[in-house]
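This report walks through a single protein chain for a reader who has not met it before. Please keep the sequence and the structure in view while reading.

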Amino acid sequence: MFRSRWWSFGFRSTVMLYFIVLIVLPIIGIYGQSFSLGWSPFWESVSDPLAWKAILLTIRLAVIAALINIAVGTMIGWVLIRYTFWGRRLLNSLVDLPFALPTAVGGLMILLLLGPNSLVGDIAGFFGIEIVFHEPAIVIAMVFVTFPFVIRAVQPLLEEMDRSEEEAAYTLGASKAKTFFRVILPTMMPGILSGGMLAFSRALAEFGAVVLIAGNIPGRTLVASVYIFGEVESDNPQGAASVSIVLLTLSFLILWIVNLIQSRRAGA
């Protein structure tokens, strides 16, 4: 009994130490670095026109990427669960590819596929559409790296859904559209919302895929993560930390909302 309790205590202590060293201390460090010189330098760093434009650009493009993933991811999750077809298992396994693939490789793939010397880039250029080194490329990169979130959040809800409710709606004369919006969509909504918010939070911090295809033009295509990297390279860690905690605080808020949604679903 004593050995079991000691082993349990040691295991919990190891987990807590791991959590503190890898998560808590870095977070405390970045907040401490941001306010190390006081409130005024922090506000000056955050309110700098280039920093503020980078933050607003990142938030706006991350919202667009999240909305695209909500629409496309919900449809893909529906198809992978509700339909049986040749190659479904392969497609389902490829959903997680952005998680396994280095983001810099993803950025290079986008550059080679949509760049000025590519077939798609040439066709887009013929119609006066510029993709790479402009905002569309950033959105595409954000969509790519956050692609699995909504799909993987929706799929379990569809698998657990009681099909009898759907069949009952059809029996009572409800159309497919009405059944979807009244019965199926409410069931999927917690997964759609939590997956979309996680995709948005992940897109805020994307660096590897974006830095290769954004052009990084200050005030136009310079996103917050690349701006932070530039501040570090310019020997301004306080400025980099100040912008970082804006994104970090926003991510904390999103995670809190996601946990609230999941806890309400678990208690329902």
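## Leu25 and a nonpolar surface patch

Leu25 has a relative accessibility of 47%, which means that this residue counts as partly exposed, and that value, like every other in this report, comes from a predicted model. The residue sits in helix α1, which covers residues 2–34.

Leu25 also belongs to a nonpolar patch on the surface, together with Met16, Leu17, Tyr18, Phe19, Ile20, Val21, Leu22, Ile23 and Ile28. Taken together, the residues of this patch have about 970 Å² of accessible area.

## Helix α6 and its buried face

Helix α6, made up of the 12 residues 103–114, reaches 16 Å from its first C-alpha to its last, which is close to the 16 Å expected at 1.5 Å a residue. Which residues of α6 are buried? They are Gly106, Gly107, Ile110 and Leu114, and because they fall within an arc of 100° when seen down the axis of α6, they line one face of the helix. As a general point, an α-helix has 3.6 residues a turn, so residues three or four places apart point the same way.

The cover over the buried residues of α6 includes α7 (119–126), α8 (135–145) and α12 (208–211).

Pro102 is located in the loop between α5 and α6, and with a relative accessibility of 47% this proline counts as partly exposed. Although Pro102 and Val145 are 43 residues apart in sequence, their C-alpha atoms are 9.4 Å apart in space.

## Salt bridges between distant parts of the chain

How many salt bridges does the model contain? The count comes to 3, and one of them joins the side chains of Glu135 and Arg60, with a distance of 2.9 Å from N to O. This pair links distant parts of the chain, since Glu135 belongs to helix α8 and Arg60 to helix α3 (residues 49–82), 75 residues apart. Glu135 is partly exposed at a relative accessible area of 26%, and Arg60 is partly exposed as well, at 40%.

Another salt bridge brings together the side chains of Arg152 and Asp96, again with 2.9 Å from N to O. Here too the pair links distant parts of the chain, with Arg152 in helix α9 (residues 147–160) and Asp96 in the loop between α4 (88–94) and α5 (97–100), 56 residues apart. Arg152 counts as partly exposed at 24% relative accessibility, and Asp96 counts as partly exposed at 30%.

## Arg202, Glu206 and Thr146

A further salt bridge is formed by Glu206 and Arg202, whose closest N and O atoms are 2.8 Å apart. Is each partner buried or partly exposed? Glu206 has a relative accessible area of 2% and is therefore buried, whereas Arg202, at 29% relative accessibility, counts as partly exposed.

Arg202 is also one of the residues in contact with Thr146, which lies in the loop between α8 and α9. Leaving aside neighbours within four places in sequence, Thr146 is in contact with Asn69, Ala199 and Ala203 in addition to Arg202. Thr146 has a relative accessibility of 0%, so this loop residue counts as buried.

Definitions and conventions. Residues numbered from 1 in each chain as written. Predicted model: local features only at pLDDT ≥ 70, side-chain atom pairs only at ≥ 80, totals over all residues. Heavy atoms only, no water. Patch = residues over 30% accessible without salt bridge, like charges linked within 9 Å, V, L, I, M, F, W, Y side chains within 5 Å. Areas by Shrake-Rupley, 256 points an atom, 1.4 Å probe, with all protein chains shown as cover. Salt bridge = Lys/Arg side-chain N within 4 Å of Asp/Glu carboxyl O. Helix = DSSP H or I, 4+ residues; strand = E, 2+ residues; numbered from the N terminus. Buried < 20%, exposed > 50% of the residue type's maximum accessible area, 1.4 Å probe, protein only. Expected span 1.5 Å × (residues − 1). Arc of directions from axis to C-beta. Contact = heavy atoms within 4.5 Å.
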